[in-house]
Amino acid sequence: MPNIRVRLLVVLVVLCGFPTVAGLPPATATPALLAATPARPADSLWFDGAPLTVQGGRFTDGQGREIVLRGFNVSGETKLEENGGLPFASVADARKSATALRALGGANTVRFLLSWAHAEPAHGQVDTGYLAAVTEQMRAFLNAGIRVFPDFHQDLYSRHLFTGGSWYTGDGSPKWAVSAGSYPAESCGICLFWGQNITQNAAVQQAQRDFWHDAHGLQDAFLATAQTTMTYLQQHLSAVEFADIAGFDPYNEPYAGSYDSGQTSRTWEKDLLWPFYEKFRARMDAAGWQDKPAFVEPNLFWNADISTQKQEGGLLDAGTLGQGYVFNTHFYDQKAISGILMWGKAADGQYASDFAAVRDRAAAAGTAAVVSEFGHPLSGTVSDKAPTVLKAMYQALDSRLPGASWWSDPAASGPVLSGTQWQWDLYNGRHHELMNGNPGKVLTSKDAWNDEDLSAVRLDDSGNAALRQDARLLDRLYPSATAGAPLAFTYEDRSRDGSTTLTWNPVPRSLPNVSRLVGSGQYGLLVWRSGDGSAPTELHLPASFPTASTTVVSDLGATYAPPAYSASAPVAVAPEPGGTGSRRLLLTDQDSGVRHFALVTNGATAPSADLLAAARSELAAWAAAHL
């Protein structure tokens, strides 16, 4: 929810039975409909493909490794009508997007948007044609080695609350759901940002309130459609593909609409939002998703960075969430987006406290955390802030410390957070969307939705995917799988703000050989304590780290141009699953409960053995002193 993008997925939820499936009786969808089970994605190794679970407040795989999910939302196109509520016009475009997302964006995960309006266009009837198209487009990402968590998306409840003459639009619930309520003509009054409709548009507020109170059976209808959708996916994806479904996001940016008399934001979460999540959890179990978590979001305004918007929340009364749920939240710097409340640009550690609050809330709830939306406008009056705002957000995902204090206090670095940036839309600037069905309002520019422009990608004139942001910022080194427990992590991306290279975490002078090795290059440093498994620790290698010019300094070994992976190579490189050309660094230890470190940089050119040994000695002494 960028521009005060307080987006409320009116994932209208449910409690009643299955709706009728158009073109297919409910009882006839069986595993027999599945095609032959395909092999694992290309370039998979023996430890790949294990389902994701939540253990001990962390994402883990079947090898006991701690997993970090990084990627993008795919995509805002789902909110438009031009492709029938699908992220892509074709499966070919989905494959092109998946390959680019892996190769250019360094992603291993997508939040995959779905449309309730298109899944259930008539009350009680699910469109299996839509679900089939969704499944094939989703499969393109799964086959590229990318994990997926679906999200029935909504903003401002529904586009059907708006008319051809409206200034704004919405997405989410079907037309029949809007027709069930007697809502006033929509009007936001004096609104500078579309998100203000959430708290100022009476039609939006009343419709949202109706959903949470299950007026007209809206919540029940949504839950039934969600269960049908999950059942369809479970039955029409192969077991290998389904293993890479990470979970399900039940409801985008929930908000009450309006509170009952005497109700507060906290009691609304306790009495209405959390019971909805428990119902959704039961629907997941019934659909064969019992081993996958629900990615549940608190009250939209629980972590607003503008004090007048902030409301008490964070699922404070839900108790220990445990394995069945993930604490899922969004973060946009509304001060920066306003153009008034934050002058200048973001700086080192700008969002350290904001993202620390996410870590702390998830830890208190006993589960893993994901920031499933974050971003900043890439055009308009505040777009000049985007390079620094995004760098600061990624920095805060990597560590809870500013770069200025990371080397002196790495033990306070905290867990590496998972996150999916908003958004990855191939069609940015090439849309043909009739706003609210009005042929006189054809939107082609930006994201074609309420004047947003946040897509990190577009198609160039040759039809190839091209980044709209600095590749150094987006394609990042990160620990995608840690064999044991991460103790500290940092990444200096040296991303650029125009012609200026941003360096917020230089190697300190107290480590002269490490500093000499890194030079002006990018670097990352992971410290971890080994676990009991035999699978290696993995770090995604950005395209800016060619194998032939990558240096690794670790207690496991120090090398320039690491070799191809083999069981006998403790420091090695291998392709990531999916056949997209993306690569990973694999670090294999042979112990348990032992502290290890690995510095990875592209700043050196054929460093001498003496320099590698000296840097290794410095890092070993530093790790012993600080961790």
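These legends describe close-up views of a predicted model.

**View 1. A five-stranded open sheet.** The strand order is β18-β21-β27-β23-β24, and the pairing is antiparallel. Two strands form the edges: β18, residues 484–492, and β24, residues 557–560. Each of these edge strands pairs on one side only. From one strand to the next, the twist averages 15°. Strands of a sheet pair through backbone hydrogen bonds, in either a parallel or an antiparallel sense.

**View 2. The pairing of β23 with β27.** Strand β23 covers residues 551–554, and strand β27 covers residues 595–601. How many bridges link β23 and β27? There are four bridges, and the two strands run antiparallel. One pair to pick out is S554 with A598: A598, in β27, is the bridge partner of S554.

**View 3. Helix α16 across the sheet.** Helix α16 spans residues 609–626. Which strands does α16 lie across? They are β21 (523–530), β23, β24 and β27. The helix runs at about 135° to β27.

**View 4. The surroundings of F597.** F597 sits in strand β27. Is F597 buried or exposed? F597 counts as buried because its relative accessible area is 5%, and the cut-off for buried is under 20%. Neighbours within four places in sequence are left aside in the contacts that follow. F597 touches L526, V527 and W528. It also contacts V553, S554 and D555. The remaining partners of F597 are R616, L619, A620 and A623. S554, one of these contacts, is the residue whose bridge partner is A598. L587 gives a further reference point: F597 and L587 are 10 residues apart in sequence, and their C-alpha atoms are 9.8 Å apart.

**View 5. Two cis peptide bonds.** V74 and S75 are joined by a cis peptide bond, with omega at about -20°. S75 belongs to the loop between β5 (70–74) and α1 (91–103). The bond from W422 to Q423 is also cis, and its omega is near 0°. Where is Q423? Q423 lies in the loop between β12 (418–421) and β13 (433–434).

**View 6. Y157, a non-glycine residue with positive phi.** The phi of Y157 is near 70°. Y157 is in the loop between β8 (147–152) and α4 (175–179). This residue is buried, with a relative accessible area of 0%.

**View 7. N436, a non-glycine residue with positive phi.** The phi of N436 is near 55°. N436 is in the loop between β13 and β14 (442–443). With a relative accessible area of 12%, N436 is buried.

Note on methods
Residues are numbered from 1 along each chain as its sequence is written. This is a predicted model: local features need pLDDT of at least 70, side-chain atom pairs count only at pLDDT 80 or more; totals for chains, interfaces and linings use all residues. Side-chain values use heavy atoms; hydrogens and water are left out. Two strands pair if DSSP finds at least two bridges between them. Axes are lines fitted to C-alpha atoms, for helices over the stretch in contact, and angles run from 0 to 180 degrees between N-to-C directions. Contact means heavy atoms within 4.5 Å. Buried means under 20% relative accessible area, exposed over 50%, partly exposed in between (1.4 Å probe, protein chains only).
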